[in-house]
Amino acid sequence: MIDNQNQKYIYYSKMAWLIYALLAIVLASVLVLFVAQDNEERFFYGLMTIAAAYVLRPTERFFNKLILKYTGVSPPADKE
């Protein structure tokens with residue numbers, strides 16, 4: 001049972017990171033395609049949106065709380 005819970009948590013954690021990455025890509029695409037007016041702005045929005053998403057990425061603690069809240073699966077206990 002514990003292995004199954006750990007596998008579920010790992011799966012949900014990967015899905016959370018995938019959703020975060022896809023949202024960053026969609027935001028960068030919208031900025032580049034619809035907001036930017038020239039090539040310089042396209043380059044800036046394309047590069048800096050992804051860089052900001054990396055720098056301001058959520059912590060594991062935040063993801064742990066969300067995964068527990070929405071799925072009921074707690075993170076695996078640390079082995080000491």
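**Aromatic contacts and surface features**

In this predicted model, Trp17 is partly exposed, with a relative accessible area of 28%. Tyr20 falls in the partly exposed class as well, at 24% relative accessibility. Both residues belong to helix 1, which covers residues 2-35. They are 3 residues apart, about one turn of the helix.

Aromatic pairs were searched for across the whole structure, and 5 were found. Trp17 and Tyr20 make up one of them: the ring centres are 6.0 Å apart and the planes stand at 90 degrees, so the pair is edge-to-face. An angle over 60 degrees is what places a pair in that class.

A further aromatic pair is formed by Phe62 and Phe63. Here the centre-to-centre distance is 6.4 Å, and the planes meet at 35 degrees. This geometry is tilted, because the stacked class requires planes under 30 degrees apart and the edge-to-face class over 60. The two phenylalanines fall into separate burial classes. Phe62 is partly exposed, at 44% relative accessibility. Phe63 is buried, and its relative accessible area is 7%; the cut-off for burial is 20%.

The rings of these two pairs belong together. Trp17, Tyr20, Phe62 and Phe63 form one aromatic cluster. Within this cluster, Trp17 and Tyr20 come from helix 1. Phe63 is its buried member at 7%, whereas Phe62 is partly exposed at 44%.

An aromatic ring is also involved in a contact with a charged side chain. Arg57 lies over the face of Tyr54. The distance to the ring centre is 4.3 Å.

Helix 1 also carries a nonpolar surface patch that includes Phe34. The patch is formed by Val26, Val30, Leu33, Phe34 and Val35. Together, these residues present about 500 Å² of accessible area. Phe34 itself is exposed, with a relative accessible area of 67%. That value puts Phe34 in the exposed class because the class begins over 50%.

Asn6 is another residue of helix 1. Its relative accessibility is 24%, so Asn6 counts as partly exposed. Between Asn6 and Leu31 there is a separation of 25 residues in sequence. In space, their C-alpha atoms are 38 Å apart.

Key. Residues are numbered from 1 along each chain as its sequence is written. This is a predicted model: local features need pLDDT of at least 70, side-chain atom pairs count only at pLDDT 80 or more; totals for chains, interfaces and linings use all residues. Side-chain values use heavy atoms; hydrogens and water are left out. Rings of Phe, Tyr and Trp (its six-membered ring) pair if their centres lie within 6.5 Å; planes under 30 degrees apart count as stacked, over 60 as edge-to-face and the rest as tilted. Helices (H or I, at least four residues) and strands (E, at least two) are DSSP runs, numbered from the N terminus. Buried means under 20% relative accessible area, exposed over 50%, partly exposed in between (1.4 Å probe, protein chains only). A charge sits over a ring if NZ of Lys or CZ of Arg is within 6 Å of the ring centre and within 35 degrees of the ring normal. Patches are made of residues with over 30% relative accessible area and no salt bridge: like charges are joined within 9 Å, nonpolar side chains (Val, Leu, Ile, Met, Phe, Trp, Tyr) within 5 Å. Accessible areas come from the Shrake-Rupley method with a 1.4 Å probe; for residues, only the protein chains shown count as cover. A salt bridge is a side-chain nitrogen of Lys or Arg within 4 Å of a carboxyl oxygen of Asp or Glu.
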